[in-house]
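Student: I would like a close look at a single part of this model, namely one of its sheets, described strand by strand, and after that a word on how the rest fits around it. Could you take me through it carefully?

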Amino acid sequence: MENVEKKLQEEAKKLLADKKVDVVIGYERGTLPLTATPVFITDAGDAEKLVYDATCVQNLAKYAHDIISAHREAQKKVKPEDRKNKVVGVVARGCTTRSLVIQLQERQYDRESIVILGVPCDGYIDPKKFNLALDGEQAAEGSVNGDQIAVKTLAGEKKFALKDVLADNCITCRFNNPVISDVVIGDKAPAKAADKEYEKVDAFEKLSTEERWAYFTKEMSKCIRCYACRNACPSCYCKVCFVEQTMPQFVGTSAEQTDTQIFQLLRTFHMVGRCVDCGSCVSVCPMGVDLRNFLKKLDKDALELFEHRAGASMEDVPPLSTYRENDKEDFIYNP
Amino acid sequence: MADVKATDGWEPKIVAIVCNWCTYAGADLAGISRIQYPPNVRLVRLPCTGRINPFYIMKALQEGADGVLVSGCHPGECHYLSGNYSARRKFSMLKRYLSYVGIEADRAMFTWCSASEGERFAKVIKGVTEKVRELGPAKKLVKTL
């Protein structure tokens, strides 16, 4: 990955120096050990700040959309002849490119507005699994060497395998290489255990209705409705989200548990054919709600019913905006 | 609706969200033809099944409906040509999803019923009422405040 990082910096520098992009969205070193945080680079001299390794968690497509739509809003106040285009460079691994594909399919911006710096991905460290592996200790320093992680804590040194702390969605990732890119950086990453993608969903489906409901209510009772999942999600970009809509008010804002359940049901249901399983919502959730279990079910059903994988190619049509005359009808009630 | 308690006199409350052009007219025909069907159903008329936001179904369940029925024109007969096709996609996902999280599958039902099918409309309502009656009063997702 060292190699990828170097090349990435060079490419970003070149793009910025040639004025091909106005800003590059990437990752920089975080303030805590073994973390990375999104960075927006507008000056070619700052390109060395870019890092890329297993500590890069967030899906950057979110920021691409935010920057472009904010710019478009700002341009409304400018005289038509003085309006400028903004081109955004995005450091994108597989899931990020899929999110970009979805945003492009949904006509959020033109293809010319983004330059995709495609990078291969071996998965990222799940912050929650990482903290569990540390056993309550605080990391003071840390580094990733190949497939090993070395962490220095106050009590001493710890070493563990990278694959033990990889996020669940990364372990079974099907698209760990970019699906579209303008600049390809590095070699292709080796395939992951994609055939086990729906293992957990399959197991969950086998539980009884009551067991499933018990699990759902247990998970949703953790939710404090901070909406971090929505804010981190690259597919959640509505100007007015249904949770904040008041005319009419869609979801109640009380602490009553069904309000939270309805919120989560509906937010996840908005992800039909749009969730790329990037794990951003899971990683930002402060309460550790198991959202993936439910999102993955929608993904599985969309594949089963409509042979659709979210954001897999530019030619696909979002599954709920199209239809086939012979779509499955087994759920229809016939007395 | 939420004040109904599971006592001996409990009767299921069913919200039927129907399209204006087929099922509503079908219900009309059932009425004109004096076909009897259970009075447990409350019809909500919408222009088309494609107009139905999945949220309406969840909201009905939250507000205390024991069952929700969605009915529109048969595929290929939509007044707006393709509204019910998109609805079919949406609801095939929704039905699976609701039962996945643990809500009984028969709480949310989907069917087609055309304007000439008064008899079928009565049959559907009878069937749905029976199914919901078997399940008993809704307890999941029901707002208690």
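Tutor: Let us begin inside the sheet, where strand β7 of chain A, residues 148-153, is joined to β8(A) by six bridges, the two strands running antiparallel. The model is a predicted one, and what follows should be read in that light. Within this pairing, A:Thr153 has A:Gly156 of β8(A) as its bridge partner, and the hairpin that β7(A) and β8(A) form has two residues between the strands.

On the other pairing of β7(A), six bridges again describe the contact, this time with β6(A), and the sense is antiparallel. One of the partnerships here links A:Glu141 to A:Lys152, the latter lying in β7(A). The hairpin of β6(A) and β7(A) has two residues between the strands, and in this hairpin A:Gly146 adopts a positive phi near 60 degrees.

Put together, the three strands of chain A make an open sheet in the order β6-β7-β8, with antiparallel pairing. Its edges are β6, residues 139-145, and β8, residues 156-161, each of which pairs on one side only. Averaged over neighbouring strands and with direction ignored, the turn of one strand against the next is 20 degrees. Helix α4 of chain A, residues 127-134, packs on this sheet and touches β6, β7 and β8 of chain A, while its direction makes about 130 degrees with that of β8(A).

For a contrast in pairing sense, chain B offers an open sheet of four strands in the order β2-β1-β3-β4, where the pairing is parallel. The edge strands in that sheet are β2, residues 41-46, and β4, residues 108-112, of chain B, each pairing on one side only. Its neighbouring strands are turned against each other by 20 degrees on average, direction again ignored. Strand β1 of chain B, residues 14-19, pairs with β2(B) in the parallel sense over six bridges, and within that pairing B:Cys19 has B:Leu46 of β2(B) as its bridge partner. Two helices of chain B pack on this sheet: α1, residues 23-32, touches β1, β2 and β3 (67-72) of chain B, with a direction at about 115 degrees to that of β1(B), whereas α2, residues 54-62, touches β1, β2, β3 and β4 of chain B and makes about 150 degrees with the direction of β3(B).

It remains to say how the two chains meet. The contact takes 46 residues from chain A and 43 residues from chain B, and the area buried between them is about 4,200 Å², of which carbon and sulfur atoms give 66%. Across this interface six salt bridges are found, and one salt bridge brings together the side chains of A:Glu329 and B:Arg88 at 3.0 Å, N to O. There are also 20 residue pairs in polar contact across the interface, counting those with both residues at pLDDT 80 or more. On the side of chain A that touches chain B, the elements giving two or more residues are α7 (199-205), α8 (209-222), α10 (257-269) and α12 (292-306) of chain A. Of these, α12(A) provides the largest share, nine residues, and by class that side of chain A has 23 nonpolar, ten polar and 13 charged residues.

Notes: Residues are numbered from 1 along each chain as its sequence is written. Chains are lettered from A and ligands numbered from 1 in the order in which they are written. This is a predicted model: local features need pLDDT of at least 70, side-chain atom pairs count only at pLDDT 80 or more; totals for chains, interfaces and linings use all residues. Side-chain values use heavy atoms; hydrogens and water are left out. Two strands pair if DSSP finds at least two bridges between them. Axes are lines fitted to C-alpha atoms, for helices over the stretch in contact, and angles run from 0 to 180 degrees between N-to-C directions. Contact means heavy atoms within 4.5 Å. Buried area is the accessible area (1.4 Å probe) that two parts lose on being put together, summed over both. A salt bridge is a side-chain nitrogen of Lys or Arg within 4 Å of a carboxyl oxygen of Asp or Glu. A polar contact is a pair of N or O atoms within 3.5 Å; within protein, one must be able to donate a hydrogen and the other to accept it, and residues adjacent in sequence count only if both atoms are side-chain atoms. Ala, Val, Leu, Ile, Met, Phe, Trp, Tyr, Cys and Pro count as nonpolar, Asp, Glu, Lys and Arg as charged, and the others, Gly among them, as polar.
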